[in-house]
Amino acid sequence: MDKTTAPDLVSGEANAQPRAVSAGRVAGQRTPLIDGVDKVSGRARYTADLPIGDALVGVILRSPVAHGLIRAIDTRAARALPGVRAVITGDDFSAPYGVIPIAQNEWPLARERVRYRGEPLAAVAADDHDSAMAALRAIVLDIEPLPAYFEAAAARAADAVPLHANKPGNIERQVEQDFGDVDAGFAAADLVVERCFDYAEIAHGQIELNAAVAQYDPENDRLISQSVSQVPYYLHLTLAQCLGMDSSRIRVVKPFVGGGFGHRVEPLNFEMITAALARAAGGTVRTELTREEVFLTHRGRPATQIKLRLGLAKGGEILAVDAEVVQRGGAYGGYGLVTILYAGALLHALYRVGAVRYRGFRVYANLPPCGAMRGHGAVDVRHAFEALLDEAGASLGIDPFALRRANLITAPYRTLNDLQVNSCGLPQALDAVEAASRWRQRRGQLPRGRGLGMACSHYVSGSAKPVHWSGEPHAVVNLKLDFDGGITLLTGAADIGQGSSTLLAQVAAEVLLLPMSRFRVIAADSALTPKDNGSYSSRVSFMVGNASIRAAQSLRRVLIDAAAKRLEVAADDIDWAGESCGVVGTDRRLDFAQVVQAALSDAGTLTVKGAWSTPPETQGGRFRGAAVGSSAGFSYAAQVVEVSVDEDTGAVTVEQVWVAHDCGYAINPLAVEGQVQGAVWMGLGQALSEETQYHEGLPLRPNLIDYRIPTIVESPPIDVTLIESHDPLGPFGAKEASEGALHGFPPALSNAIFDAVGVRLHALPTTPDRVLEALQDQRREARRLARQAKPALAATATPSIPSTTES
C-alpha cells in the first residue's frame with residue numbers, strides 16, 4: 001500500500017487510529033451512495049410502503065383542548081362498531097416515556113391530564129379506514145378545562161397553574177453557569193454591547209410522513225416494530241417500558257427513512273400506540289399520520305428569547321459574555337433539558353472568551369413538545385452572538401473577519417467549560433470564504449440594497465456521553481465473511497439519508513484494500529445488528545466510523561494470519577494488497593478467494609467486531625450538565641452571504657453563499673458537500689421564512705404550503721470549500737459535516753442585510769413584513785433627526801453682512 005497516497009493504517013494494534021494523509025483507494029473518493037439507485041428508482045421501501053398484507057388501520061383521537069383534566073373517555077360505543085378490532089387509552093400502557101431517563105413525563109396516550117391541543121387520547125385499530133374513523137367519532141370525552149399558557153412569560157407567571165406537579169413555575173430546567181470573572185471582564189472592556197433577540201419556533205419539514213407498522217404474535221408474545229425512527233435502540237427500550245414487555249421479545253427494524261433532521265431522534269407517541277394496538281388486536285397494525293399530525297407530534301426548535309451582552313477590548317478580544325436564554329419547550333420534557341444546556345455549552349469552543357455567565361430557562365407551555373432539530377440547541381444563540389459581535393466590531397471600527405481572527409483558538413485547546421478541542425480549521429475556513437467572495441474588494445463597494453455578511457460556527461461530532469449510560473461502547477460494528485467472499489457490514493446505525501451506510505463501507509474497504517463491490521450493509525435490525533445509540537448530534541461518521549475501521553483492522557489481521565499459515569510464513573512476511581497477497585520478496589501469492597478459503601477452513605463463517613468509545617478527556621467537566629456539549633471532535637465553518645433587499649416590499653433575496661467547512665477529512669467528498677449545502681439551506685429556511693404559529697394552541701400552518709420552507713426558487717448557489725484539519729481522534733481524521741454550517745447562515749444573512757440597507761434585525765425569520773417595518777422605522781428616525789437638525793442649524797448659522805465697501 002502506498003502510504004503517501006492513502007490513509008496511514010496501523011493494523012497491528014487493536015486501538016490504532018488511522019490518520020488521513022490524502023485520498024485513498026476508497027476513502028477520500030467521491031462515491032455515490034450505495035442506496036442511491038434504490039431511492040431514485042422507487043425500489044426503496046419506506047415504512048408506508050412495506051408489503052405487510054392485510055394490516056389493520058390504526059388511527060388516533062386527539063384532544064380538542066389545550067389543557068384540561070380528563071374526567072372520562074367512554075369507548076363503549078366505539079368498541080361495539082363493526083370492523084373495530086381494538087380501542088386503547090392511556091390505561092393500556094405500563095409507564096410514561098421520554099428520551100432522557102430523568103425527564104420521562106409523557107404517556108403515549110394522555111392519562112389524567114391533557115396538555116396540548118392535538119395530544120393523543122385514544123386510538124383505534126379497525127379493518128379499514130372508514131371503520132376506524134367511525135369509531136373515533138363514537139368515543140365520548142369528558143375533559144374539564146384548565147387555564148392554558150401559550151407563551152413562556154405567561155407560563156412563568158406567579159399565578160400560573162403548573163403543567164406538571166413536580167415542576168413549579170413551569171420550569172423544566174434552570175441552568176446557572178459561571179466560568180471566569182465575568183464582572184471583571186466587563187469592567188475591563190472598552191466596549192460593552194447588549195441586545196435582546198427573539199426567535200420563532202420552527203419545524204423539521206421532513207418529506208416522509210410519520211408511519212409505523214407493528215406485528216404482534218399473541219401465541220409467543222413477540223412484537224416486531226418497523227417505523228421512521230432515527231433511534232431504533234431508544235425505541236426498543238421505550239416499547240419495552242411502555243408496554244411492560246421483556247426487551248428480548250421485541251424486534252425493531254428500520255426501513256428506509258425519508259429524512260428526520262431531529263424530529264425522529266426520540267421515540268414518538270404513534271410508535272408506542274401502534275404497538276399497543278397490535279397487541280390489543282392480536283395482529284398487525286399500520287398507522288400513517290397526516291401532515292397536520294406530524295406538526296402536532298412536532299419536536300422542532302423551540303421559540304426562544306435571548307438577552308446577550310458582550311464586553312470587548314479595543315482590539316476586538318472578547319473579554320466577557322453574559323447570556324440569558326428562555327426556551328418555550330411545549331408540554332413535555334423530551335430533549336428539553338439537553339437543548340437548554342447546549343445553548344450555554346456552545347457559547348464556548350468557537351472563540352477564545354475571557355469569562356462566560358449563562359442563565360438558561362426551559363419552560364413548559366400548552367403546545368406540542370419541542371425537541372432536537374438539526375444544529376440542536378445552539379442555532380439561535382449563535383445567531384445572537386455573531387450578529388452582536390458584528391455590531392460591536394462596527395463600533396470598534398474592526399472588519400468582521402479581523403474581529404473573528406482576533407479571537408481564534410489554537411488546537412489543542414481546553415475551554416473554560418472543559419470542552420476539549422483537538423483540531424480547528426477555522427483560520428483556513430475564514431481565508432477560504434474571504435477569498436472566494438472577494439470580500440476585501442467588494443464589501444462597502446456594492447450599491448445600496450446589496451450587501452455582504454459573514455459569520456462563523458461550530459458543532460459537535462456526537463455527544464461524548466450517550467443519553468442512556470450503560471458502560472457499553474459508544475459504537476459497535478460487526479463484519480461477517482462467508483464462503484462467497486462477500487463481506488456483510490452489520491451496524492445498528494440508522495442511515496436516514498445522510499449516507500452513513502456508504503461511509504461505513506468505505507472505511508472498511510479502505511482498511512482491507514478491497515473494492516466496495518465486496519460489501520453489503522445491513523443497518524438497524526435488532527435481531528441481526530449490534531446495538532447503536534442512533535443518528536443524532538452528528539455522531540455516526542465519527543463514532544461508528546471508528547468502530548468500522550477497527551472491525552476491518554481485525555478482519556485484516558485474521559486474513560493475513562490465514563494467508564501466512566497457508567503459505568507457511570510469518571504474518572509479518574505477508575504483503576497484503578486486498579484482492580491478493582503474497583510473500584514479500586517472492587512470487588508466491590494467493591488471490592482473495594484462496595485467502596477466504598484458508599480463513600474459513602477451521603471454523604467456517606467469520607464474524608469480527610470493532611468497537612469505539614470516546615476518550616475520558618473528551619467527556620466534559622464535573623459540574624452539573626457538563627456532559628452536554630462535550631464531544632470527541634468539533635467541526636468549524638465560516639460563510640459569507642450576499643443578499644439584495646427590495647426596500648419597497650422588504651423582500652430579501654439571497655444571491656450567493658460561500659461556505660468553508662472543516663470536516664477533518666472528507667471520507668466521501670460528494671456526500672460531505674451535499675450535507676454542507678443541506679445545512680446551509682435549512683439555515684436559510686429558518687432565517688427567511690419558517691415559523692410555526694398557533695391560535696389558542698391550534699397550529700395555523702400545519703402543512704407545507706402555509707409553513708414556508710424555501711423552494712428551488714429561493715435557493716441560491718452555494719459554493720462549498722472543504723477544509724481538512726485531520727482530527728487525531730476521527731476516522732482517518734474525519735469529523736462532523738452536516739450541522740455546523742447551519743448555525744452560520746442566519747447571522748451571516750442578518751449581517752448582510754445590515755450591510756445592504758443599514759438595519760439590524762434582532763428576530764428571525766426576517767420575513768418581508770419584519771424587514772419593511774425595520775426600514776420604515778429607519779426612515780422615521782431619519783426624518784426625526786432631520787427635523788431636530790434644522791433648528792440647530794438655523795441657530796448656529798452666521799447672518800449675512802451687507803458689503804460696506806465704498807465705490
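Two strands count as paired if DSSP finds at least two bridges between them, and helices (H or I, at least four residues) and strands (E, at least two) are simply DSSP runs, numbered from the N terminus. The model looked at here is a predicted one, where local features need pLDDT of at least 70, side-chain atom pairs count only at pLDDT 80 or more, and totals for chains, interfaces and linings use all residues. Residues are numbered from 1 along each chain as its sequence is written, and side-chain values use heavy atoms, with hydrogens and water left out.

Seven strands make up an open sheet with mixed pairing, lined up as S3-S5-S1-S12-S9-S10-S11. Strand S3 (84-89) and strand S11 (250-253) sit at the edges with a single partner strand each, so one side of each has no neighbour in the sheet. From one strand to the next, the twist averages 20 degrees. At the S11 edge, strand S10 (residues 222-227) runs parallel to S11, joined by four bridges, and Ser225 has Val252 in S11 as its bridge partner.

Helix H3 (residues 129-138) lies across strand S1 (56-62), S3 and strand S5 (120-126), with contact meaning heavy atoms within 4.5 Å. H3 runs at about 25 degrees to S1; axes are lines fitted to C-alpha atoms, for helices over the stretch in contact, and angles run from 0 to 180 degrees between N-to-C directions.

Elsewhere, strand S13 (residues 303-312) pairs antiparallel with strand S8 (residues 191-199) over nine bridges, and ten bridges join S13 to strand S14 (residues 318-330), also antiparallel. In the hairpin of S13 and S14, five residues lie between the strands, and Gly316 takes a positive phi near 100 degrees.
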